[in-house]
Amino acid sequence: YMADDEFKKHFTPRYNVFQQHLCIAPDADFFVALRSKQASVVTGEIDRFDERGILMKDGTKVDCDIIVLATGFTFHRNMPMGRVQVTVDGNVYKAPQHAVFKDCMLSDVPNFMF
């Protein structure tokens with residue numbers, strides 16, 4: 001289990017219920033993963049992503065297999081490439097020219113999932 005102070009830190013919002021997005025875990029699988037220590041929660045401001053995970057603005061380094069972006073996070077306009085210029089078969093990737101399939105794959109961008 002998570003200690004009470006850790007739980008309050010990560011799960012007590014600074015806003016009233018329904019003022020921002022509500023997260024629902026119908027089968028409580030999210031909490032089962034936390035209890036079994038197969039997952040963890042980190043809250044705070046992200047400074048940047050790197051090849052191993054996230055560097056938080058407070059200096060904390062979080063190594064990650066999966067990153068779940070939640071309330072208040074805004075993607076770069078060239079999502080998911082950000083500021084990286086990507087070419088596919090000599091053509092520059094431009095987000096508005098591609099469709100997202102099943103929330104994880106991009107049209108005409110082979111072997112890429114996010």
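**Exercise 1. Describe the sheet formed by β1, β2 and β3: state the strand order and the sense of pairing.**

Solution. The order is β1-β2-β3, and these three strands make an open sheet with antiparallel pairing. The edge strands are β1 and β3 (61–63), each of which pairs on one side only. On average, neighbouring strands of this sheet are turned by 20° against each other, direction ignored. Such angles run from 0 to 180 degrees between N-to-C directions, with axes as lines fitted to C-alpha atoms. Strands here are DSSP runs of E with at least two residues, helices are runs of H or I with at least four, and both are numbered from the N terminus. Two strands pair if DSSP finds at least two bridges between them.

This is a predicted model, in which local features need pLDDT of at least 70, side-chain atom pairs count only at pLDDT 80 or more, and totals for chains, interfaces and linings use all residues. Residues are numbered from 1 along each chain as its sequence is written, and side-chain values use heavy atoms, with hydrogens and water left out.

**Exercise 2. Work out which residues are bridge partners of leucine 55.**

Solution. Step one: take the pairing of β1 (residues 46–50) with β2 (residues 53–56), which is antiparallel and has four bridges. The two strands form a hairpin with two residues between them. In this pairing, leucine 55 of β2 is the partner of arginine 48.

Step two: turn to β2 and β3, which run antiparallel and are joined by three bridges. Here the partner of leucine 55 is lysine 61 in β3.

**Exercise 3. Find how many salt bridges there are, and place the pair of glutamate 45 and lysine 57.**

Solution. A salt bridge is a side-chain nitrogen of Lys or Arg within 4 Å of a carboxyl oxygen of Asp or Glu. The count comes to four salt bridges. In one of them, glutamate 45 and lysine 57 meet at 3.5 Å, N to O. Glutamate 45 is in the loop between α2 (29–35) and β1, and lysine 57 is in the loop between β2 and β3, twelve residues apart. Both residues are exposed; exposed means over 50% relative accessible area, buried under 20%, and partly exposed in between (1.4 Å probe, protein chains only).

**Exercise 4. Describe the salt bridges of aspartate 50 and arginine 48, and give the exposure of each residue.**

Solution. The side chains of aspartate 50 and lysine 61 meet at 2.7 Å, N to O. Aspartate 50 lies in strand β1 and lysine 61 in strand β3, so the pair ties together parts eleven residues apart in sequence. Aspartate 50 has a relative accessible area of 31% and is partly exposed; lysine 61, at 43%, is also partly exposed. Asp50, Lys61 and Asp63 are linked in a network of salt bridges.

Arginine 48 forms a salt bridge with aspartate 47 at 2.8 Å, N to O. Arginine 48 counts as partly exposed at 47% relative accessibility, and aspartate 47 is partly exposed at 41%.

**Exercise 5. Summarise the protein chain: its helices and strands, and its buried share.**

Solution. The chain has two helices and seven strands, in the pattern α-α-β-β-β-β-β-β-β along the sequence. Of its 114 residues, 15% count as buried. Among contacts (heavy atoms within 4.5 Å) with a separation of 6 or more, residues 24 or more positions apart account for 19%.
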